[in-house]
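Visitor: Could you pick one spot in this structure and take me through it up close? I'd like to hear what holds on to what there, and then where the trail leads.

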Amino acid sequence: MKLKVFYTEEYNINLGILNKFHPFDGLKFQKVAAQIGDIRNIQICEPAASISDTEINAFVDSLQALLLKKKGYILRALEVPKIPLVPFSWVDKKVLLPMRWAVSGTLAAARIALAGENSWNIAGGFHHASKGVSEGFCIYNDIGIAVQELRNEGSLSLEDNILIIDIDVHHGNGNAYTFMEDNTVTLFDIYNSEIYPNNEYTRERVDINVPLKTGADGSMYLSKLREALNKIAGNYKMAFVVAGTDVLASDKLGGFKLNIDECATRDSLVAQKLTDLSIPFAFLGGGGYSSESALAMVAGIKNVVNI
């Protein structure tokens, strides 16, 4: 199949020597782009511009707009220690601006999906953030902002059904909060139930809920995923897929034991199911905290293109 992949060098988070102090590889986006540029049926596209403060403020409301200007709050959400003598402007430029570009990539990928073409934003998938909270290395809820903007511009109506498939190892509590009262959004989530975020309230919002235990290997994971995918029913305008690579055995934060091939198989199973149901999709980068993260994303993209 043909796939439009969204990437810009603005996605990359380069903190110099500070890169060593966080498990997330902020430069993996350029590694992925470098390996997929010559693949047949892939078109690499750039989002036009980073999401604007006006669009973010409209989503997070006035209180959260204020919170996003506090360095201490942001650093806690990014799960990094306090950095003395570093102004908020530096954090904004080095970390938040790339994340705003990622939000724009999700919006652009969703527009492509709504036009009937499948897409993949190699960044984004900030599923722990919500209107009220930034946490878990997620500052902005990109799916929530994208849905808001698509509804505002008329690309989505308030009656259009949307599917969010979360195959990141962590439960998407931010998406559950964001769409808690929105019955047009169906949430599918397969995750490690024994790790962050341990939130029963948001887990109860999930429509197709697949909690697994630490130590789940590829065979068990893929079996449960296939079973759950068969439960998807109904007409959906589009699907977002949070395709974090933190299901890998090499990921120290996830607790699952998939290898790269199994992670890529996961992606193709989801894409094939959506294709069979004629649901256009936008895959999103999600989490991934191992040296194999970029390799797994490349393998997943290749699998999906070969469907």
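Guide: The side chains of Asp182 and Arg151 meet in a salt bridge, with N and O 2.9 Å apart. That term stands for a side-chain nitrogen of Lys or Arg within 4 Å of a carboxyl oxygen of Asp or Glu. This pair joins distant parts of the chain: Asp182 sits in the loop between helix 6 (173–178) and strand 5 (185–192), while Arg151 belongs to helix 5, 31 residues away in sequence. Helices (H or I, at least four residues) and strands (E, at least two) are DSSP runs, numbered from the N terminus.

Keep in mind that this is a predicted model: local features need pLDDT of at least 70, side-chain atom pairs count only at pLDDT 80 or more, and totals for chains, interfaces and linings use all residues. Residues are numbered from 1 along each chain as its sequence is written, and side-chain values use heavy atoms, with hydrogens and water left out.

How hidden are the two partners? Asp182 counts as buried because its relative accessibility is 16%, whereas Arg151, at 22%, counts as partly exposed. The cut-offs are under 20% relative accessible area for buried, over 50% for exposed, and partly exposed in between (1.4 Å probe, protein chains only).

Stay on helix 5 (residues 142–153) for a moment, since Val147 is found there too. Val147 is buried, with a relative accessible area of 2%. Leaving out residues up to four places away in sequence, Val147 touches Leu156, Ile162, Phe179 and Phe240; a contact here means heavy atoms within 4.5 Å. Gly132 is 15 residues from Val147 along the chain, and their C-alpha atoms are separated by 17 Å.

Phe240 turns up again in the largest nonpolar core, which has 102 residues; Phe240 is among those with the most contacts inside it, along with Trp120, Ile122, Ile165, Tyr221 and Ile301. Helix 4 gives the most to this core, with 14 residues. By nonpolar core I mean a set of buried Ala, Val, Leu, Ile, Met, Phe, Trp, Tyr and Cys residues joined through side-chain atoms within 4.5 Å. In soluble globular proteins, nonpolar side chains tend to be buried together.

Take Trp120 from that list. Setting aside neighbours within four places in sequence, Trp120 is in contact with a string of residues including Leu3, Lys4, Phe6, Phe283 and Ile301. Ser119, in strand 3, touches Leu3, Lys4, Phe6 and Phe283 as well, among others. Ser119 counts as buried, at 0% relative accessibility, and its side chain reaches the backbone oxygen of Ala109 at 2.8 Å.

Lys4 brings us back to salt bridges, of which a search of the whole structure finds 7. Lys4 forms one with Glu117, the closest N and O atoms being 3.6 Å apart. Here again distant parts of the chain are linked: Lys4 is in strand 1 (residues 3–6) and Glu117 in the loop between helix 4 (88–114) and strand 3 (119–121), 113 residues apart. Lys4 is buried, at 18% relative accessible area, but Glu117 is partly exposed, at 35%. Another of these bridges joins Arg100 and Asp92 at 2.9 Å, N to O, and both of those residues are buried.

Strand 1 is also part of what covers the buried residues of helix 1, as are strand 2 (42–45) and helix 10 (293–305). Which residues of helix 1 (28–36) are buried? They are Lys28, Phe29, Val32, Ala33 and Ile36. Because they cover an arc of only 140 degrees around the axis, they lie on the same side of helix 1; that arc is taken from the directions from the helix axis to the C-beta atoms.

Phe29 has aromatic company too: it forms one cluster with Tyr7 and Tyr11. Rings of Phe, Tyr and Trp (its six-membered ring) pair if their centres lie within 6.5 Å; planes under 30 degrees apart are stacked, over 60 edge-to-face, and the rest tilted. By this rule there are 6 aromatic pairs. Tyr7 and Tyr11 make an edge-to-face one, 6.0 Å centre to centre with 85 degrees between the planes. Tyr177 and Tyr201 make a tilted one, at 5.9 Å and 45 degrees. Tyr177 lies in helix 6 and Tyr201 in helix 7 (residues 200–203), so this pair ties together parts 24 residues apart in sequence.

Conventions
A polar contact is a pair of N or O atoms within 3.5 Å; within protein, one must be able to donate a hydrogen and the other to accept it, and residues adjacent in sequence count only if both atoms are side-chain atoms.
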